[in-house]
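Student: I would like a close look at one part of this structure, the helices and the residues they bury, and then a connected account of how the surrounding strands, loops and cavities are arranged. Please take it slowly and keep to what the coordinates support.

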Amino acid sequence: MIKKILLLAFIAFTSFAMVAQTTVKGTVTDAKTGETLPGANIKIENKAVGTTTDFDGNFVLKVTDNPPFTIEVSVLGYKMEKVEITTSNQKIDVKLTENETSLDEIVVSASRTPERIMESPVTVERMDARAIKNTSAPSFYDGLENLKGVDVNTNSLTFKSVNTRGFATFANTRFMQLVDGMDNSSPALNFAIGNLLGMSELDVNTVELLPGAASALYGANAFNGIMFMTSRSPFDDQGISVSLKGGVTTQEAAGTNEYYDFNIRMAYAFSEKFAAKATLSYLEGTEWFATDERNTRNGKYAAGDRSLNDYDGLNVYGDEVATDLGGAIGRVSRTGYKEQDLMKDYQAKSVKLNTALHYRPFGDDRLELIFNSKFGVGNTIYQGANRYNIRDFYLAQQKLELRGNNFFIRGYVTTEDAGNSYDSRFAAININRRWKSDQDWFTQYAGTYLVTGSHAAARAAADTGRFIPGTASFQEAFDEVTADPNLVTGSKFQDQTKLYHGDVNYNFRDMIDWAEFQVGGSYRRYSLNSNGSIFTDYDGPIDYNEYGVYTQMQKNFLEEDRLKFTASVRYDKAQNFDGNFSPRVSLAYAAGENKNDNFRASFQTGFRNPTTQDQYIGLDAGSAILVGSAPDNLDRYTSSPLNVSTAGQALLGSPTTTLSGRLAYENSFSVSSVQNGAPAASNAPLVKPEKVTAYEVGYRGLVNAGESRITVDVSAYYNSYEDFISGKNVLVPFYGTVGDNGLSLLALQNGDYKAFQTYTNTSADISSYGASIGLNTKVLNGFDLGINYTYAKFDFDQASDPDFEAGFNTPEHKFKLQFGHTNLFENFGFNINARWQNEFLWESTFLDATVDARTVLDAQINYAVPSIKSVFKLGGANLTGQEYFSAPGVGAIGSQYYLSWTINN
């Protein structure tokens, strides 16, 4: 089907002709400089018929419409002009005025209706095609990090996690990413894998980002923020565009490696009623190597190296398998494998295909039917409780949408396949067990030590027969283990989870004139299908659903509609939880002669439903067993056989035992109490939705400073959380009942216990607050200068819940600087971005540690060659070469250099 679409499009590009009745000629120029504007769009109002100016700013428009009609003339960065055409062969000269600031740009996301960003009732950050051209980052997605208040945490070369206002994580379930209205999250993981399977850079029309809670309009999970990526319409943006990008990445551990990024977009309107487009993207490179071999203990760095008997290196796996051999020997861990030995070639890859068919039955935008089909496959690395090699991961989305001026009805399905993905920790553990069982290894270690008194000799004896990386025996074991989905013997994880989603929205603006009313709703159904490798779906898929409805009223008051009042409320209900209401109220006042001083204030609540993993996971991650807390999940999970100490065997009458998921919630010790020497029962109630109450005030406007005009955007917020969701580690004894002051304490003493991670809520009071300011202006006769600062802080009384980790994971201070010129001299531009942030604590199930302060410098120069419709760009990221970590355990981020050639036709 796809081949037929592309073939049809190609034939149309080369052979389609239109019989014209009316001809309009003209020139488009900059009103201030008089320079001609190539690439300006000229189209008939409310129709897809149009053309573009050539490299001299001239155009010829031939249409079948008879005068009179209106044409629209527009180009990025300029105000659109409308011109009335009254006769055929009319010649016109159109002068476009450049937007003085970004405040004239139009956003939709803040209120689900078009409005100037100046008049938005909440904070909005925006990126369009012009900003993408000027970004110094290797891709538009990387460039999001230069926006005010936005954090981008690098999991790997192809997996970047976007976040705002704290509580960052690579599994960022608090932040939603929509691509043409579709949730781009993995159905099983509940978070987006960066832009690995997202949108082609050539097809991006706008990116809008709302920091903070947005549940009142967009439902659960729009909790910490939401990002909207909107693609270009084949009616409005036709032709063939190609981007060729190549370069190198450099890292001390990985060396210098090439990477390639190819994109092509084809779009054509066959008539006023039918248009189609297709985009294809291919990226290939080498991941950042993770080589931190420092010793760890209880989730934190610890002194020592492999010479220690019980060494547990951060990026060394398999050495988590340890036991206490008693006496003079003490606790001993098996010899592990370095991550480089387990990640194959560290290949990063992304392949994306997007096709869309658009049909307008009336020949204009009053009604449009869209069928959109997206496919993506890729390789990346994801760091959660363990480090996962995501290989041949597949995600597909099919959408059918009917939209008009006042409504839309949208339905889509998301399917995924984990492909050949595997857990690197269990790969190492089970490769070790292929050449020698744990019991035999520890027995040989103890026997040799008792004879020699040497730990080195004992380890050498126990390691006899070890598979050495690079040998055929290691490769054979590696291939077998990574293809085996049973974590007792293998490391592959399977997943074919699906998500079904429907949205509807109606705006009553044509029926009610005294205010603008909207109503809408959504429905979602998950079908979890991991064959027991992630979830407890051993007997077949687990299905559950959630739905929501909302309404919004927006009304203007005072003279010239200077005061805008917006109120909305949404009700959401998930299958396993009670329903939640999310209200939002905001005021925006436009002051000043030209309404260029906007003051805003808002109050809203948001909530987050527990994720699929919070509810239904059942996974032994090695260091702990992860068990979701849905009521029907607790008894479905049973652990693999666990080794029991010699003393414990006398009590149980068996060398092994198994544990149910229910025990983690009903018969477990808190970790902190055990560490403090006073073991006590844990408090881990079943998880329920998390809530936030958010307050925000801000100002957005223009300030005159001499001859310069400065765009100022200031905001401050305060969030108060209730029932904050997080994992809590507990210890389940193999025997006894917690609180019996007998057998359960003996189990701890004998080492007969297993760590579990529960999914629960804290009763502690948590709040976060912060502020940001952004200043943008032109200096030195046309140079763009932008400076922004973000402050973020949170309060939490750790003593009130010692076992709870909030995981704020956000620097308190961030400064960002942008300096450039889009046209320093004819066809030449440049841009420089610099970012600084202070050190901060990162908390996760992988490791808790401090992330160092860093300064990062990116830059690019670009040169346009109009005669071949091309733009060349040369740039680099992290030009200082100072490697840094976005979180403990990931690969150090080195430098990236690129050269791109973009052809727009």
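Tutor: What follows begins with two helices and then moves outward to the cavities, the strands and some individual loop residues.

The model is a predicted one, and every value below is computed from it. In helix H7, which spans residues 455-462, the buried residues are Ala458, Arg459 and Ala462. These residues lie on the same side of H7, because the arc they cover around the axis is only 95 degrees. That arrangement fits a general property: an α-helix has 3.6 residues a turn, so residues three or four places apart point the same way. The cover over the buried residues of H7 includes strand S24 (331-333), helix H5 (424-435) and helix H6 (438-452). At the start of H7, the backbone nitrogen of alanine 456 has a side-chain oxygen of serine 454 within 3.3 Å.

Helix H8, residues 472-482, can be read in a similar manner, with Phe474, Ala477, Phe478, Val481 and Thr482 as buried residues. Their arc around the axis is only 115 degrees, which puts them on the same side of H8. The buried residues of H8 pack against H5, strand S25 (337-338) and strand S30 (422-423). H5 therefore appears in both descriptions, being part of what covers the buried residues of H7 and also part of what those of H8 pack against.

S25 leads on to tyrosine 346, which is placed in the loop between S25 and S26. Tyrosine 346 is not a glycine, and yet its phi is positive, at about 55 degrees. With a relative accessible area of 2%, tyrosine 346 is buried. Asparagine 190 is another residue other than glycine with a positive phi, near 70 degrees, and its place is the loop between strand S14 (182-183) and S15. Asparagine 190 is buried as well, at a relative accessible area of 11%. As background to these backbone values, most residues other than glycine have a negative phi, and most peptide bonds are trans. The peptide bond from proline 67 to proline 68 is cis, with omega near 5 degrees, and proline 68 belongs to the loop between strand S4 (58-63) and strand S5 (69-74).

Strand S26 (347-359) also takes part in the lining of an internal space, and here the cavities come in. There are 14 cavities of 30 Å³ or more, and the largest has a volume of about 390 Å³. This largest cavity is lined by 24 residues, of which Ser139, Asn195, Asp261, Leu283 and Lys352 are the closest to its centre. The elements that contribute two or more residues to its lining are helix H3 (140-143) and the strands S17 (239-251), S18 (255-269), S19 (274-286) and S26.

Turning to strand pairing, S15 (residues 204-211) and S10 pair in the antiparallel sense over 4 bridges, and glutamate 125 stands opposite leucine 209 in S15. Within S10, residues 125-128, Glu125 and Met127 point one way while Arg126 and Asp128 point the other way, and all are buried.

Elsewhere there is an open sheet of 5 strands in the order S37-S38-S45-S44-S41, and its pairing is mixed. Strand S37 (618-620) and strand S41 (669-670) stand at the edges with a single partner strand each, so one side of each is left without a neighbour in the sheet. S41 is joined to strand S44 (residues 725-733) by 2 bridges, the two strands running antiparallel, and phenylalanine 669 has leucine 731 in S44 as its bridge partner.

Two further residues can be set out by their separations. Lysine 595, in the loop between strand S35 (580-591) and strand S36 (597-608), is partly exposed, with a relative accessible area of 22%. Its C-alpha atom is separated by 9.8 Å from that of aspartate 561, 34 residues apart along the chain, and the side chain of lysine 595 reaches the backbone oxygen of glutamate 560 at 2.9 Å. Leucine 817, in strand S48 (residues 813-825), is partly exposed at 38% relative accessibility. Leucine 817 and valine 851 are also 34 residues apart in sequence, but their C-alpha atoms are 21 Å apart in space. Leaving aside neighbours within four places in sequence, leucine 817 is in contact with Leu785, Gly786, Ile787, Ile832, Asn833 and Ala834.

Methods: Residues numbered from 1 in each chain as written. Predicted model: local features only at pLDDT ≥ 70, side-chain atom pairs only at ≥ 80, totals over all residues. Heavy atoms only, no water. Buried < 20%, exposed > 50% of the residue type's maximum accessible area, 1.4 Å probe, protein only. Pairing = 2+ DSSP bridges. Arc of directions from axis to C-beta. Contact = heavy atoms within 4.5 Å. Polar contact = N/O pair within 3.5 Å; in protein donor to acceptor, adjacent residues only side chain to side chain. 1 Å grid on protein atoms, 1.4 Å probe; cavity = no way out; pocket = protein on both sides within 12 Å on 5 of 7 lines; lining within 4 Å. Points joined across faces, edges and corners; volume = space filled by probe spheres on them.
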